[in-house]
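This report covers selected strands, a helix, a pocket and some backbone angles. The sequence and structure come first.

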Amino acid sequence: MIVPAITPNATYDFADDVRAGLSRRGQKELPSKYLYDDVGSALFEVISYLPEYGLTRADERLLRRCADEVVDLLAGLVAVAELGSGSGKKTRWLLEALCRRHPTSYYPVEISRSALLMCERELSDIDSISIVGFEREYLDGLLEVAAHRQRNQHLFVMFLGSTIGNFDRDAGVKFLAEVRRILEPGDSLLLGTDLEKPSVQLLKAYDDEIGVTAAFNLNLLARINRELDADFDLSQFAHVARINSQARSVEMHLESKRRQTVRIPAADLRVEFAEGETIWTESSHKYAAKEVFQMALSAGFSCQAQWIDEEWPFAENLLVAE
Ligand SMILES: C[S@@+](CC[C@H](N)C(=O)[O-])C[C@H]1O[C@@H](n2cnc3c(N)ncnc32)[C@H](O)[C@@H]1O
């Protein structure tokens, strides 16, 4: 059964965030959540099939392998929330394992309406599932899911795909602590974390040969043109992936190929770019497997189990709220 997605209560303002990010002194930046409009969500789906981007396949291999073990470790009846579900393809393995035991309510929380619709379509054929989507930011959505939980249910939250890596390390722990505050003792969080790997492999994963990741990144400027009436000339910006070895992350930037001025009327903004200047659009932090135990503790969880994919180093971590 699918209950139609709950309509958004937008708590963010694209124009304000674009103005703030592009008028910063020093490094210009835009929040990565804006990469995911309809076009961006469709392009991310294609990225997940690219040979260079092994992350999604590793995550899926692990979920398939550990689904029954995870369900065995969960405390009794659960309601399931997924933060940033995307298409929900990989989540099928866990939901099927849960639904084999009990009818299950699944609440995907997504900022992208088209991703949420994809997810609902993808998973609606599972027996004994009820799906209610929340078009919300992560924590707003989770608060609403927590308000829907029944007294005899634990919450089981999933945050897959190493989306945690889009936060810098300290902000990632703060985010997990915010999630913990919404949960009750005994609730669980399944956290996917991409592990450190050689720079060459990472750079290819974020700058593929046929240019899908470049299109995903450049679509952010196209989105500003579409929604804020701006005049970015996309041919004058280039997608760049960079390793930040100090932060242990891969960064995506959009680099201005020449000196230029861009007008963004709906944000009441005129932006000057020097040749070679970049807009920082996303970071993907990479982890050591052991590091996750400390992150969990700092945020008020304990790590009950960890599964690692050896082919594309990636860890699935089952955290329990203390
Ligand atoms: C890296 S993708 C991962 C998708 C999926 N979980 C996977 O593993 O393939 C991140 C997803 O989170 C969503 N997202 C990004 N920022 C968000 C936010 N602040 N609140 C809710 N959803 C967000 C995006 O729309 C996107 O679908």
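Strand E4 (104-110) is covered on both faces in this predicted model. Thr104, Tyr106, Pro108 and Glu110 are buried on one side, and Ser105, Tyr107 and Val109 are buried on the other. Seven of the seven residues of E4 are buried, so the strand is largely enclosed by the rest of the structure. Strand E3 (residues 78-83) pairs with E4 in the parallel sense, over four bridges. Within this pairing, Ala81 has Tyr107 in E4 as its bridge partner.

E4 also contributes to a pocket. The second largest pocket holds about 190 Å³ of space. Helix H4 (92-101) and E4 each supply at least two residues of its lining. Among the lining residues are Leu98, Arg101, His102, Pro103, Thr104 and Ser105; Val71, Leu74, Gly76, Leu77, Val78 and Gln153 also belong to the lining. By class, the lining divides into six nonpolar residues, five polar and one charged.

A separate set of strands forms an open sheet of four, in the order E2-E12-E9-E8, with mixed pairing. Strand E2 (28-29) and strand E8 (237-244) stand at the edges; each has a single partner strand, so one side of each is left without a neighbour in the sheet. The pairing of E2 with strand E12 (residues 278-285) is parallel and runs over two bridges. Glu29 has Trp280 in E12 as its bridge partner.

Helix H10 (residues 291-298) has Glu291, Val292, Met295 and Ala296 as its buried residues. Seen down the helix axis, these residues fall within an arc of 135 degrees, so they line one face of H10. An α-helix has 3.6 residues a turn, so residues three or four places apart point the same way. Gln294 and Leu297 are exposed on the other side of H10. The cover over the buried residues of H10 includes helix H7 (169-182), strand E7 (188-194), strand E13 (301-309) and strand E14 (314-321).

Leu62 lies in helix H3 (residues 55-73). What does Leu62 touch, not counting residues up to four places away in sequence? Its contacts are Trp307, Ile308, Asp309, Phe314, Ala315 and Glu316. Leu62 and Trp307 are 245 residues apart in sequence, with a C-alpha to C-alpha separation of 6.9 Å in space. Leu62 is buried, at a relative accessible area of 1%.

The last topic is backbone angles. Most residues other than glycine have a negative phi, and most peptide bonds are trans. Ser128 has a positive phi although the residue is not glycine, and Ser162 likewise has a positive phi in a residue other than glycine. Gly300, just after H10, also takes a positive phi. The table gives the values.

| Residue | Phi | Place |
|---|---|---|
| Ser128 | near 65 degrees | loop between helix H5 (113-123) and strand E5 (129-135) |
| Ser162 | near 60 degrees | loop between strand E6 (154-159) and H7 |
| Gly300 | about 95 degrees | just after H10 |

Are the two serines buried or exposed? Ser128 counts as partly exposed, at 42% relative accessibility, whereas Ser162 counts as buried, at 7%. The cut-off for buried is under 20% relative accessible area, and partly exposed lies between that and the limit for exposed, over 50%.

Definitions and conventions:
Residues are numbered from 1 along each chain as its sequence is written. This is a predicted model: local features need pLDDT of at least 70, side-chain atom pairs count only at pLDDT 80 or more; totals for chains, interfaces and linings use all residues. Side-chain values use heavy atoms; hydrogens and water are left out. On a 1 Å grid over the protein atoms alone, a cavity is a set of points where a 1.4 Å probe fits but cannot get out, and a pocket is an open set with protein on both sides within 12 Å along at least five of seven lines; lining residues have an atom within 4 Å of a point. Grid points are joined across faces, edges and corners, and a volume is the space filled by probe spheres set on the points. Ala, Val, Leu, Ile, Met, Phe, Trp, Tyr, Cys and Pro count as nonpolar, Asp, Glu, Lys and Arg as charged, and the others, Gly among them, as polar. Buried means under 20% relative accessible area, exposed over 50%, partly exposed in between (1.4 Å probe, protein chains only). Contact means heavy atoms within 4.5 Å. Two strands pair if DSSP finds at least two bridges between them. The arc is that of the directions from the helix axis to the C-beta atoms.
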